[in-house]
Amino acid sequence: MKIKKLLALVLAGAMTATLLVGCGGKTETAEPAAETATETKAEEPAAEASGDVVTINVQRNTFNLATPDSAQVQKVQDAINEYIKDKINVQIVLTDIGSGEYADKTNLALANNEINLLWTASWMSTIGTNDLVPNNAVYDITDLLPGTPLYGSMDAGQWEATKYNGKNYFIPVYKDNVEGYDVMFRQDLVDKYGWDISSVKTLADIEPMLADAKAEGLKYPYLTQKTAMFYRYYIDSFDFFTADVTANWVAVDRETNAVVDTILTDEYKEFCTLMAKWAEAGYISEDDVTKTTTDTTTQTQDWGISWWTDIPVNDEADSRYGQDVSMAPITSRWAHSTSALGSCYAVTANSTPEQAQACIDFMGLLYTDSKLADLYTFGIEGEDFTYDENGQVSQTSEKYNHSMWESASATIVTPLANEPANKADLYKDFNGGANTSCAAGFRFNKEPVAAQFSACQNVFEEYGFPLENGGIPSSDVEATIEAYQAALDEAGYQDVLAEFQAQYDAWK
């Protein structure tokens, strides 16, 4: 075994043995868009008398609200600056952007050198971790981390596992560091129809429940959340190490430990055929194919069954969606190259050394100070949230609302009222029970085939997305897959596949 592979296994072991970060999710809605994509940028704080104070621009994605409220974001910014002014020589300008426009607006702000600290994730398109590093858009913070409160806020293995080319560019949100997926059910329907969700082991097992949901008259018996789910539901078979839904046409086969063209696998045909049949049965709405469902659709009662990224405290979904839901695991949990980057922050390359240090100082306080973490996550106490008699959080606002998974450390953000008080310990147990991928530690450098890679991503949007969301009649699935592969090949797919194989063979 080569040294790089041995090191990767050691790091992966460290990931699963400690309370680390990872998944995505969201819902983790992994990649959906908000109903009304809105940017809310608070006013810049007044200049401080001390020349040592550094102002940084912080930009983050808003998932839980369709429309960020500018006045409330300003209030939260001002409260943060008041709280931290005697602790660190940093002040922030806080910008919230609705998730539908986050990638586009953040890319534009990066081009205009308007950001110092931004939220990102491995699964994001165009603004994700795999985009930022090749584009030299993020600051090398390797030498800034040692000895800081930020570095000490999580195990050293976390920092090792999230490196690119041996360097630290990202600050992972300290949460679950492994990836697995569940099927999610509205609990009121479970109760009404007596669904035995413990019997669900495969996607096909939910078909009788989907029939009930359709009979209920629901608009979305099965809500895909406009997400192509092959690269999630089939992680027991494949390591989709690109962590990019638009590039799920290549993966490592876990059984053979070889790079494969997933579009030609039996698993891909099986999944696309199932989605097609569900759509024909009226279980999947055309809205998911046309991407007109929203992040907030899950907060309605228009759906019956959907999907969820497994986390240590799945009850978090109840607060996120404003109703009781229950989960049935549909995959195992895996630790791999990008699972620890399912939610993270990056300092931008355009930042000055002083601004980069200020970002490290701010994040260090955010990850170690519970009051600041709650303020940043939940907003103003008494307006956006309250503490109950157990000291846990009840979110009450429609103006400012974030979740722990995209905000700060699970060890420092106060648990929600419906979560266990020992939430942090549950995260450690959750991470420790995961499988380690044979490809853990491998990162693909797409630069040698960047043009072909991008062209193949465009082909996915034309063929892959509708195939995986029930947009193709079941009788046409096989022919459409053949056309999909032909279009990929025309776009240069074989060059990409060969480059993947060469890099992976050299790595392992």
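Buried means under 20% relative accessible area, a cut-off worth keeping in mind for the close-ups below, which all come from a predicted model.

**View A. A buried cysteine, C359, that is in no disulfide.**
With a relative accessible area of 0%, C359 falls under the 20% cut-off and so counts as buried. C344 is buried too, because its relative accessibility is 0%. If you look for a bond from C359, you will find that this residue is in no disulfide: the nearest cysteine sulfur belongs to C344 and is 14 Å away. A disulfide would need the two sulfur atoms within 2.5 Å. The structure as a whole holds zero disulfides.

**View B. T162 and its surroundings in a loop.**
Here we look at the loop that connects helix 6 (156–161) with strand 5 (170–172), where T162 is found. T162 has a relative accessible area of 1%, so this threonine is buried. Its side chain comes to 3.3 Å from the backbone oxygen of W159. Leaving aside residues up to four places away in sequence, T162 touches N168 and P172, along with A340, L341 and R443.

**View C. Strand 12 and its antiparallel partner, strand 6.**
Strand 6 (residues 181–186) and strand 12 run antiparallel and are joined by five bridges. To find your way along the pair, start at M184, which stands opposite M327 of strand 12. Strand 12 spans residues 325–329, and because four of its five residues are buried, the strand is largely enclosed by the rest of the structure.

**View D. An open sheet of three strands, in the order 8-9-10.**
The pairing in this sheet is antiparallel. Strand 8 (238–239) and strand 10 (258–261) stand at the edges; each has a single partner strand, so one side of each is left without a neighbour in the sheet. As a general reminder, strands of a sheet pair through backbone hydrogen bonds, either parallel or antiparallel.

**View E. Strands 8 and 9, with helix 18 on the sheet.**
Moving in on the same sheet, we find two bridges between strand 8 and strand 9 (residues 250–253), which run antiparallel. One residue to look for is F238, whose bridge partner in strand 9 is D253. Helix 18 (residues 493–507) packs on the sheet and touches both strand 9 and strand 10. The direction of helix 18 makes about 165° with that of strand 10.

Conventions: Residues are numbered from 1 along each chain as its sequence is written. This is a predicted model: local features need pLDDT of at least 70, side-chain atom pairs count only at pLDDT 80 or more; totals for chains, interfaces and linings use all residues. Side-chain values use heavy atoms; hydrogens and water are left out. Buried means under 20% relative accessible area, exposed over 50%, partly exposed in between (1.4 Å probe, protein chains only). A polar contact is a pair of N or O atoms within 3.5 Å; within protein, one must be able to donate a hydrogen and the other to accept it, and residues adjacent in sequence count only if both atoms are side-chain atoms. Contact means heavy atoms within 4.5 Å. Two strands pair if DSSP finds at least two bridges between them. Axes are lines fitted to C-alpha atoms, for helices over the stretch in contact, and angles run from 0 to 180 degrees between N-to-C directions.
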